[in-house]
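Here are a few exercises to work through with the model open beside you. Try each task before you read its solution.

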Amino acid sequence: MTTVTRPASTSTDVRLDDVSKAIIEQLQEDGRQSYATIAKRVGLSEAAVRQRVQRLLDQEVMQIVAVTDPLQVGFRRQAMIGIRVDGDLLPVGDALTAMSEVSYVVTTAGSFDLLAEVVCEDDAELLDLLTRRIRTLPGVQTTETFVYLKLNKQHYNWGTR
């Protein structure tokens, strides 16, 4: 399955016109569509669609990526880790972002300062990640791990509204 996601960014928001939004929605539906197919659906030339897609990628408005089922590619353990930090959140967030097992990091308002989604081969890898790498980061006060028992829904087709 191929999909489009918008990376978290601190850059200035880009204003999207209706045509760019329609292109994004087409790619969210099927990221493998040809520029010619998208062009027909949004009323532009193939070259214009190619240019707009490249501009959206360059501006980090979207990414085009392959999304896998972790179980089918050897990752048997997924979890969300809630992290409370004493002091500056930025260095902890940056350290989590650099870890290959971490697929998603957000700074939150609520009972946790950061949430990190992790994808591991097994429980042993998750335990090692938690005890030797995450909990030992300077500033990490506590963690709470929510092990995924079943992935009920994972979609990236929310459109552009």
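Two strands pair if DSSP finds at least two bridges between them; strands (E, at least two residues) and helices (H or I, at least four) are DSSP runs, numbered from the N terminus. This is a predicted model, in which local features need pLDDT of at least 70 and side-chain atom pairs count only at pLDDT 80 or more, while totals for chains, interfaces and linings use all residues. Residues are numbered from 1 along each chain as its sequence is written, and side-chain values use heavy atoms, with hydrogens and water left out.

**Exercise 1. Work out the strand order of the open sheet of 4 strands.**

Step 1: Begin with E3 and E5, which run antiparallel and are joined by 7 bridges. Here Arg77 stands opposite Cys120 in E5.

Step 2: Add E4 (residues 102–107), which pairs with E5 in the antiparallel sense over 5 bridges. Val106 has Leu115 in E5 as its bridge partner. E4 and E5 form a hairpin with 6 residues between them, and Gly110 in the turn has a positive phi of about 150°.

Step 3: The full order is E4-E5-E3-E6, with antiparallel pairing. E4 and E6 each have a single partner strand, so one side of each is left without a neighbour in the sheet.

**Exercise 2. Find which elements each supply at least two residues of the largest nonpolar core.**

Step 1: A nonpolar core is a set of buried Ala, Val, Leu, Ile, Met, Phe, Trp, Tyr and Cys residues joined through side-chain atoms within 4.5 Å. Buried means under 20% relative accessible area, exposed over 50%, and partly exposed in between (1.4 Å probe, protein chains only).

Step 2: The largest such core has 18 residues, and Ile83, Val92 and Val118 are among those with the most contacts inside it.

Step 3: The elements are strand E3 (77–85), helix H4 (89–97), strand E5 (114–120) and helix H5 (123–134).

**Exercise 3. Classify the aromatic pair of Phe112 and Phe146.**

Step 1: Rings of Phe, Tyr and Trp (its six-membered ring) pair if their centres lie within 6.5 Å; planes under 30 degrees apart count as stacked, over 60 as edge-to-face and the rest as tilted. The count comes to 1 aromatic pair.

Step 2: The ring centres of Phe112 and Phe146 are 6.2 Å apart and the planes are at 85°, so the pair is edge-to-face.

Step 3: Phe112 lies in the loop between E4 and E5 and Phe146 in strand E6 (residues 140–147), so the pair ties together parts 34 residues apart in sequence. Phe112 counts as buried at 11% relative accessibility, whereas Phe146 is partly exposed at 38%.
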